[in-house]
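I opened the model today to look up one residue, then the core and the sheet. Here are my notes, in the order I made them.

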Amino acid sequence: MTAGTGQVRFARSALEITVPAGATLLDLAEEHGVAIPSLCRGGSCGTCKVRLLAGHPKISTSHALSEEERAQGYILTCSARSVAGERIVLDA
Ligand code: FES
């Protein structure tokens, strides 16, 4: 990792990438051929939910997730961004 970049690992896809800070995890997945379904891309439908296995993305909203989903570690990939110096691991 260099300054201003982070790491994202898509565990099921066996893909680990160096990414610029501030990119949505959904955009990063699409750019690298990892299929995550999406609809609203604005944090309101819940379609893009994926379980976070490690790391601390910058999350702008989780309103579309139930309490149970949050407890299970789900995040909305359209509303979660990469962070400099942080390694984020997703179950995708
Ligand atoms: S695509 Fe609707 S919440 Fe992410």
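I began with valine 83 and found it in the loop between β6 (80–81) and β7 (87–90). Strands here are DSSP runs of E with at least two residues, helices are runs of H or I with at least four, and both are numbered from the N terminus.

Two reminders to myself. Residues are numbered from 1 along each chain as its sequence is written. This is a predicted model, where local features need pLDDT of at least 70, side-chain atom pairs count only at pLDDT 80 or more, and totals for chains, interfaces and linings use all residues.

Is valine 83 buried or exposed? It is partly exposed, because 19 other C-beta atoms lie within 10 Å (20 or more would be buried, 12 or fewer exposed, with C-beta atoms placed from the backbone). Leaving aside neighbours within four places in sequence, I listed its contacts as Gly6, Ala21, His56, Pro57 and Lys58 (contact: C-beta atoms, placed from the backbone, within 7 Å).

Next I checked the largest nonpolar core, which has 19 residues (buried Ala, Val, Leu, Ile, Met, Phe, Trp, Tyr and Cys joined through C-beta atoms within 7 Å). α1 gives the most to this core, with 4 residues. Phenylalanine 10 touches Leu15, Ala29, Val34, Leu90 and Ala92, not counting residues up to four places away in sequence.

Last came the open sheet: 5 strands in the order β2-β1-β7-β3-β5, with mixed pairing (a pair needs at least two DSSP bridges). β2 (15–20) and β5 stand at the edges with a single partner strand each, so one side of each has no neighbour in the sheet.

How values were computed: Contact = placed C-beta atoms within 7 Å.
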